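Please read the points below beside the sequence and the coordinates. They are ordered by region, so that each paragraph can be checked on its own.

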Amino acid sequence: QKRVSIPVAELAVLRDGVQLENDAVLAPGQVLQAAELAMLRLRAVLGCCEEPLKGAAVFLDGQTVGTTDSAGVFSTQMTVGRHELRLQHSLLGQRGRAVRE
């Protein structure tokens, strides 16, 4: 057994890389992973004038996770590590914009 000093609220339990919900049913012998969570907060602005980009669809690892608000802000909790983040909006063109880091 190994103890970690990460608060429970900042940990996720995953099965096959997918975060489990609190009411997930588990079976004996299943292999689970624990991952640290962090808050992602982004603010999308237009490059020309730094006006907020409101209503942009936010995709994390190919899944829609929400949209930017009227201030161009979006926040979510996600696992620590490498992810692909993509914004889609008519002002960004048909393919949107992706950030990998």
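1. Asp61, in this predicted model, counts as partly exposed, because its relative accessibility is 42%. Its backbone deserves a look, since phi of Asp61 is near 55°, a positive value in a residue other than glycine. Asp61 is placed in the loop between β4 and β5 (63–67), and the hairpin formed by β4 and β5 has 2 residues between the strands, with Asp61 taking the positive phi there.

2. The strands on either side of that loop pair in the antiparallel sense, and β4 and β5 do so over 4 bridges. Within this pairing, Val58 stands opposite Gly66 in β5. Strand β4 (residues 57–60) also pairs with β7, again in the antiparallel sense and over 4 bridges. On that side, the bridge partner of Val58 is Leu87 in β7. Val58 can therefore be followed in two directions, towards Gly66 in β5 and towards Leu87 in β7.

3. Strand β7 (residues 84–88) has two unlike faces, a covered one made of Leu85 and Leu87, and an uncovered one made of Glu84, Arg86 and Gln88. In a regular strand the side chains alternate between the two faces of the sheet. Leu87, the bridge partner of Val58, belongs to the covered face of β7.

4. Another positive phi is found at Asp16, where the value is about 55° although Asp16 is not a glycine. This residue is located in the loop between β1 and β2, and Asp16 counts as exposed because its relative accessibility is 71%. The two strands joined by this loop pair in the antiparallel sense over 2 bridges, and Arg15 stands opposite Val18 in β2.

5. Which order do the strands of the open sheet follow? There are 4 of them, in the order β2-β1-β3-β6, and the pairing is antiparallel. Strands β2 (18–19) and β6 (73–79) stand at the edges, each with a single partner strand, so one side of each is left without a neighbour in the sheet.

6. The largest pocket holds about 350 Å³ of space. Its lining consists of 14 residues, and those that lie nearest its centre are Gln19, Leu60, Asp61, Gln63 and Val65. The elements that give two or more residues to this lining are β2, β5 and β6, and β6 supplies the largest share, with 4 residues. By class, the lining is made up of 5 nonpolar, 7 polar and 2 charged residues. Asp61, the residue with the positive phi in the hairpin of β4 and β5, is thus also one of the residues nearest the centre of this pocket.

7. The second largest pocket has about 230 Å³ of space, and by class its lining has 9 nonpolar, 2 polar and 1 charged residues. Strand β1 gives the most to this lining, with 3 residues. Among the lining residues are Val8, Leu11, Leu20, Leu26 and Leu37. Gln19 is also found in this lining, and Gln19 is likewise among the residues nearest the centre of the largest pocket.

8. Ile6 lies in the segment before β1 (11–15), and Ile6 is partly exposed, with a relative accessible area of 25%. Leaving aside its neighbours within four places in sequence, Ile6 is in contact with Leu11 and Glu36. The C-alpha atoms of Ile6 and Leu37 are separated by 9.5 Å, and these two residues are 31 residues apart along the chain. Both Leu11 and Leu37 appear in the lining of the second largest pocket.

9. Why do Cys48 and Cys49 not form a bond? Their sulfur atoms are 3.1 Å apart, and each is the closest cysteine sulfur to the other, but this is too far for a bond, because a disulfide needs the two sulfur atoms within 2.5 Å. A search of the whole structure accordingly finds 0 disulfides. As for accessibility, Cys48 is exposed, with a relative accessible area of 69%, whereas Cys49 is partly exposed, with a relative accessible area of 40%.

Methods. Residues are numbered from 1 along each chain as its sequence is written. This is a predicted model: local features need pLDDT of at least 70, side-chain atom pairs count only at pLDDT 80 or more; totals for chains, interfaces and linings use all residues. Side-chain values use heavy atoms; hydrogens and water are left out. Buried means under 20% relative accessible area, exposed over 50%, partly exposed in between (1.4 Å probe, protein chains only). Contact means heavy atoms within 4.5 Å. Two strands pair if DSSP finds at least two bridges between them. On a 1 Å grid over the protein atoms alone, a cavity is a set of points where a 1.4 Å probe fits but cannot get out, and a pocket is an open set with protein on both sides within 12 Å along at least five of seven lines; lining residues have an atom within 4 Å of a point. Grid points are joined across faces, edges and corners, and a volume is the space filled by probe spheres set on the points. Ala, Val, Leu, Ile, Met, Phe, Trp, Tyr, Cys and Pro count as nonpolar, Asp, Glu, Lys and Arg as charged, and the others, Gly among them, as polar.
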